[in-house]
Amino acid sequence: MASINASTSGAGGVITTADATGILNIQTAGTNAVTVDASQNVGIGTTSPSVPLAVYKASDSSINIQNSTSGVTNVDGLQLLLSGSNGYMWNYESGANIFGTANTERMRIDSGGGVFLGKTTAAETTAGWYFTPGAGNVGLSTGNYFVINYVPGGAATMIDFRTGGVSTD
């Protein structure tokens, strides 16, 4: 069994392994809980991580990201979950899920389930698609845009073509 050498010299504490493998295992109740391999890959629940951070559990493996606004229980914050072959990104808070590329927001799912591509709200006049559940609105805007409004069971079904935000009908 390898020993651990601890040192507080230099800029801070250092823990090193004394064996030739360069693998560091942290155990709880005699079972490896965390492994840092010689390539500096970290495994939680696995002793053979093949990527910089690997999280393994036999079923429903998850990572929760929480802060002082969200709280710290298992139903707070943002959860990334793999259940069987299904992957989930679950926001337990009442905020939006925002996706971006090239340092620009590209898609948003708001707390009411509205989906916006290239927009942040249905009222925004920039180009993009949107869907707002409950209100039944689906729209496409490119400066000039159209709105399809359908209220299930209601008489408020319409298609509205607009130029510069003003209805053309």
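This report covers the sheets, a nonpolar surface patch, an aromatic pair and two loop residues of a predicted model.

## The three-stranded sheet

Three strands, in the order 7-8-9, form an open sheet. Their pairing is antiparallel. Strand 7 and strand 9 (86-91) are the edges, and each pairs on one side only. On average, neighbouring strands here are turned by 10° against each other, direction ignored.

Look at strand 7 and strand 8 (residues 78-83). They pair in the antiparallel sense over 5 bridges. Which residue of strand 8 is the bridge partner of Ile 63? The partner is Leu 80. Both residues return below, as members of the nonpolar patch.

## The four-stranded sheet

A second open sheet holds 4 strands in the order 3-4-5-6. Here the pairing is mixed. The edges are strand 3 (24-28) and strand 6, each paired on one side only. Neighbouring strands of this sheet are turned by 20° against each other on average, direction ignored.

Strand 4 and strand 5 make an antiparallel pair over 3 bridges. Val 36 has its bridge partner, Val 42, in strand 5. In general, strands of a sheet pair through backbone hydrogen bonds, either parallel or antiparallel.

## A nonpolar patch on the surface

Eight residues build a nonpolar surface patch of about 630 Å²: Ile 44, Leu 53, Val 55, Ile 63, Ile 65, Leu 80, Met 89 and Phe 99. Which strands each supply at least two of its residues? Strand 6 (53-55) and strand 7 (61-65) do. Strand 6 is an edge of the four-stranded sheet, and strand 7 is an edge of the three-stranded one.

Phe 99 belongs to strand 10 (residues 97-101). Is Phe 99 buried or exposed? Its relative accessibility is 32%, so it counts as partly exposed. Patch residues need over 30% relative accessible area, and Phe 99 has 32%.

## The aromatic pair

The model has 1 aromatic pair. Trp 90 and Tyr 92 form it, with ring centres 6.3 Å apart. Their planes meet at 55°, and the pair is tilted. The reason lies in the cut-offs: planes under 30 degrees apart count as stacked and those over 60 as edge-to-face, so the rest are tilted.

Both residues are partly exposed. Trp 90 has a relative accessible area of 46%. For Tyr 92 the value is 29%. Partly exposed covers what lies between buried, under 20%, and exposed, over 50%.

## Two loop residues with positive phi

Which residue in the loop between strand 4 (31-36) and strand 5 (42-44) deserves a look? Gln 40 lies there. Gln 40 has a positive phi of about 70°, although it is not a glycine. Its relative accessible area is 64%, so Gln 40 is exposed. The loop joins two strands that pair in the antiparallel sense.

Asn 103 is found in the loop between strand 10 and strand 11 (104-109). Its phi is also positive, at about 60°, and Asn 103 is not a glycine either. With a relative accessible area of 84%, Asn 103 is exposed. Strand 10, before this loop, carries the patch residue Phe 99.

Note on methods:
Residues numbered from 1 in each chain as written. Predicted model: local features only at pLDDT ≥ 70, side-chain atom pairs only at ≥ 80, totals over all residues. Heavy atoms only, no water. Phe/Tyr/Trp six-rings, centres within 6.5 Å; stacked < 30°, edge-to-face > 60°. Buried < 20%, exposed > 50% of the residue type's maximum accessible area, 1.4 Å probe, protein only. Patch = residues over 30% accessible without salt bridge, like charges linked within 9 Å, V, L, I, M, F, W, Y side chains within 5 Å. Areas by Shrake-Rupley, 256 points an atom, 1.4 Å probe, with all protein chains shown as cover. Salt bridge = Lys/Arg side-chain N within 4 Å of Asp/Glu carboxyl O. Pairing = 2+ DSSP bridges. Axes fitted to C-alpha atoms, helices over the stretch in contact; angles between N-to-C directions.
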